[in-house]
Amino acid sequence: IPRTIRDAIKLVRSMGEKYLWVDCLCIEQDNTVQKHFQISRMDIVYSRALATIVALSSLDAAHPIPGVDPGTRLPFSSRWVREHCDDTAKSASGMYTVSFGSYPPLLESVFTDSVYERRGWTLQERLLP
């Protein structure tokens with residue numbers, strides 16, 4: 001079982017749930033008629049889902065879902081809290097005080113930079129409840 005699906009199973013179990021729908025496993029991929037029928041009914045699957053797991057930062061099914069296992073989250077980035085220092089930021093020792101913050105990546109930028117955003121079938125996932 002690919003890493004992404006194993007991580008999804010762990011995540012579902014950690015939520016206390018028993019069931020997981022995985023498109024590539026639940027839809028018969030070699031039967032074109034059945035596949036198109038199932039795809040046309042995905043609105044029912046999504047509307048009845050407790051949650052939808054999106055492996056947004058994964059390039060393929062071999063990659064982990066960030067946060068399921070230790071060390072798999074995207075690193076936080078450091079950003080300037082104060083863009084520049086003026087004389088009011090100068091301390092008694094003559095040193096300037098500069099503040100940094102550590103922030104997770106913005107979800108919007110993760111979305112737009114992801115492989116997920118370039119997959120045709122994801123439009124339906126985004127639009128359906």
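Which backbone oxygen lies 2.5 Å from a polar atom of the side chain of threonine 4? In this predicted model, the backbone oxygen is that of histidine 63.

## Overall architecture

The protein chain holds 6 helices and 2 strands. Along the sequence, these elements follow the pattern α-α-α-α-β-β-α-α.

Of the 129 residues in the protein chain, 16% count as buried. The accessible surface of the protein chain is about 9800 Å², and carbon and sulfur atoms account for 57% of that surface. Among contacts in the protein chain with a separation of 6 or more, 49% are between residues 24 or more positions apart.

## Threonine 4

Threonine 4 sits in helix H1. Its relative accessible area is 12%, so threonine 4 counts as buried, the cut-off being under 20%.

A polar atom of the threonine 4 side chain is 2.5 Å from the backbone oxygen of histidine 63. Leaving aside residues up to four places away in sequence, threonine 4 touches Ala55, Ser58, Asp60, Ala61, Ala62, His63 and Ile65. His63 therefore appears both in this set of touching residues and as the backbone partner of the threonine 4 side chain, at a distance within the 3.5 Å limit for a polar contact.

## Aspartate 7

Aspartate 7 also belongs to helix H1, which spans residues 3–14. With a relative accessibility of 1%, aspartate 7 is classed as buried.

The side chain of aspartate 7 has a polar atom 2.8 Å from the backbone nitrogen of isoleucine 65. Setting aside residues up to four places away in sequence, aspartate 7 touches Pro64, Ile65, Val68 and Asp69. Ile65 is thus in contact with aspartate 7 and is also listed among the residues that threonine 4 touches.

## Cysteines and disulfides

How many disulfides does the structure hold? The count is 0. A disulfide is a covalent bond between the sulfur atoms of two cysteines.

For cysteine 24, the closest cysteine sulfur is that of cysteine 26, at 8.3 Å, which is too far for a bond. The reverse also holds: the cysteine sulfur closest to that of cysteine 26 belongs to cysteine 24. The cut-off for a disulfide is 2.5 Å between sulfur atoms, so a pair at 8.3 Å does not qualify.

Are these two cysteines buried, partly exposed or exposed? Cysteine 24 is partly exposed, with a relative accessibility of 44%. Cysteine 26 is partly exposed as well, at 34%.

Terms used
Residues are numbered from 1 along each chain as its sequence is written. This is a predicted model: local features need pLDDT of at least 70, side-chain atom pairs count only at pLDDT 80 or more; totals for chains, interfaces and linings use all residues. Side-chain values use heavy atoms; hydrogens and water are left out. Helices (H or I, at least four residues) and strands (E, at least two) are DSSP runs, numbered from the N terminus. Buried means under 20% relative accessible area, exposed over 50%, partly exposed in between (1.4 Å probe, protein chains only). A polar contact is a pair of N or O atoms within 3.5 Å; within protein, one must be able to donate a hydrogen and the other to accept it, and residues adjacent in sequence count only if both atoms are side-chain atoms. Contact means heavy atoms within 4.5 Å. Accessible areas come from the Shrake-Rupley method with a 1.4 Å probe; for residues, only the protein chains shown count as cover.
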